[in-house]
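Trainee: I should like to request a close look at the cysteines of this model. Please treat their pairing and their burial together.

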Amino acid sequence: MKGKRVDKRLIEGALRKFLEDEQHLVLGFEKAENRVKHRLFKKNLQDYSLFNPYFSVNGAIYLRRLFSKGTKIILMLRPCEIRAYGELTKLSQIERESIIGVSVDCFGAVSLKNDVQDIPTEVDALKDYFDGTDSMRWPCTVCRERKGVVGDAGIRVDTKGSLLVFPYTERGEEFLSLFDDGYEANGAEMLIKTKDKVESFQSDMETFSKDISKCIMCMNCRDMCPVCYCIDCVFNGDDYLPKGDALLNKVFRSGSAMLPQGRELFHFIRMYHVSQTCVGCGACEEACPQGVPLTKYFKGISERLQGMFSYMAGRNFDESIPYLTFIEEELKDAED
Amino acid sequence: MTEEKKDKNPEIVGFACSFCSFKASEMAGSLRMKYPEGVKLIQVPCSSRVDPAFVIKAIFEGADGVFVAGCHPGDCHFIKGNYYTRRKIAALKEMFNAFSIKNKIRLFWVSASEARRFVEKVSNMYNEIKEAKT
């Protein structure tokens with residue numbers, strides 16, 4: 001695969017060149033107040049940061065609210081964010097036409113719940129930072145997909161710490177053509193490596209109930225999940241979480257009711273609903289005010305269920321989501 | 001599920017496709033075949049109408065088991081509905097398996113003429129769940 005060896009200055013130059021057009025935008029990271037945040041860049045690229053060692057939300061969630069004909073956006077985000085964007089395009093929530101998704105190698109991130117500040121954002125310092133500390137958030141430590149190999153193009157870091165740009169699609173070539181300088185690079189050894197496969201997730205209802213018992217049903221996990229996109233969520237109505245008379249009827253019928261109502265049901269159904277699209281970014285856990293270990297379940301279940309169909313959320317934008325397609329001769333052992 | 005049932009007779013909720021499995025159950029009735037009283041059938045237009053959320057809800061609201069019954073693959077009135085069902089329910093089974101509650105869910109294919117097969121499948125499921133309960 002042909003790519004270009006670049007540096008941070010060249011990347012900023014390329015983005016600047018892209019932003020010269022009035023209709024163009026860049027969604028990326030900005031250094032601000034001792035941390036790094038998402039930002040839609042239009043005029044200047046001041047304080048632009050290629051890497052983001054802090055995790056607050058998954059950037060794909062902002063894309064669901066961006067609809068505009070004629071506007072072109074470059075996403076300079078983490079692989080998990082680009083993968084979530086890919087899943088949303090498959091679900092017709094985002095129009096892929098106007099977006100160039102560039103995944104940037106990820107070194108991991110810390111949770112904003114921990115008060116960690118002044119983490120380096122440059123490659124040289126960052127690549128050693130997470131080796132020396134255990135402040136990395138749990139979802140990132142188990143993440144096997146930190147490589148920038150998804151989307152239209154990728155920015156990779158090689159073992160020497162220099163940056164490489166690789167195009168994966170036609171639009172990726174378009175992104176690459178923004179770089180005038182930088183010399184051709186074919187292959188190099190990359191810094192971010194694939195982790196070993198882990199055992200498939202196994203739990204039981206007792207552990208699950210215990211872990212989930214702190215849940216207060218604020219539904220922040222649902223609202224901050226990048227791939228949980230339904231506007232008419234089944235939990236917004238009264239059908240799944242009965243109120244008033246319906247709740248009392250249920251209590252009289254079954255004897256007692258756990259309060260808050262239906263938290264196990266809520267997480268169970270949500271776990272199934274995102275099982276094929278979950279990218280394991282851990283935004284749900286980050287959003288949880290009670291510190292419920294949600295990623296353990298959501299990532300575990302989704303990996304197991306995606307594995308059934310040899311599918312992986314966001315790996316390939318042309319693969320169809322397993323529930324939306326089928327093969328005639330399969331899953332013979334599923335029927336009883 | 002958190003509210004333990006005291007009686008030992010399991011309650012089973014079944015989602016039956018109106019073109020095959022529900023017809024089979026009607027035929028079982030007209031042939032005077034018997035299947036356990038605890039089985040509550042819900043007629044759905046096609047087995048792929050069953051959102052796994054229905055199944056999960058039924059189980060959390062106190063059902064001891066849930067089955068989804070549809071036409072044999074290839075015989076769907078809507079051409080390919082049951083292929084989607086198979087993927088969805090197989091994934092749901094895998095999820096139940098991960099939580100060690102796999103025996104609570106079944107997927108059957110029963111065509112309209114297979115009344116005997118329907119009764120056998122349902123009674124077997126009922127007996128298995130009853131045995132596990134005691």
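Mentor: The account below takes the cysteine pair that is bonded and then turns to cysteines that are not. The model is a predicted one. Over all chains, the structure holds one disulfide. Its partners are C20(B) and C71(B), whose sulfur atoms are 2.4 Å apart. The torsion about their S-S bond is about 100°, and the disulfide is therefore right-handed. As for its place in the fold, C20(B) lies in the loop between β1 (12-17) and α1 (21-30) of chain B, while C71(B) lies in the loop between β3 (65-70) and α3 of chain B, so the bond ties together parts that are 51 residues apart in sequence. Both ends are buried by the criterion of under 20% relative accessible area: C20(B) has a relative accessible area of 9%, and C71(B) has a relative accessibility of 4%.

Chain A offers cysteines without such a bond. C228(A) is in no disulfide, and the nearest cysteine sulfur, which belongs to C225(A), is 4.9 Å away. Since a disulfide requires sulfur atoms within 2.5 Å, that distance of 4.9 Å does not qualify. C228(A) nevertheless counts as buried, at 17% relative accessibility. C281(A) is likewise in no disulfide; for this residue the nearest cysteine sulfur is that of C80(A), 5.5 Å away. C281(A) also counts as buried, with a relative accessibility of 7%.

Technical notes
Residues numbered from 1 in each chain as written. Chains lettered and ligands numbered in written order. Predicted model: local features only at pLDDT ≥ 70, side-chain atom pairs only at ≥ 80, totals over all residues. Heavy atoms only, no water. Helix = DSSP H or I, 4+ residues; strand = E, 2+ residues; numbered from the N terminus. Buried < 20%, exposed > 50% of the residue type's maximum accessible area, 1.4 Å probe, protein only.
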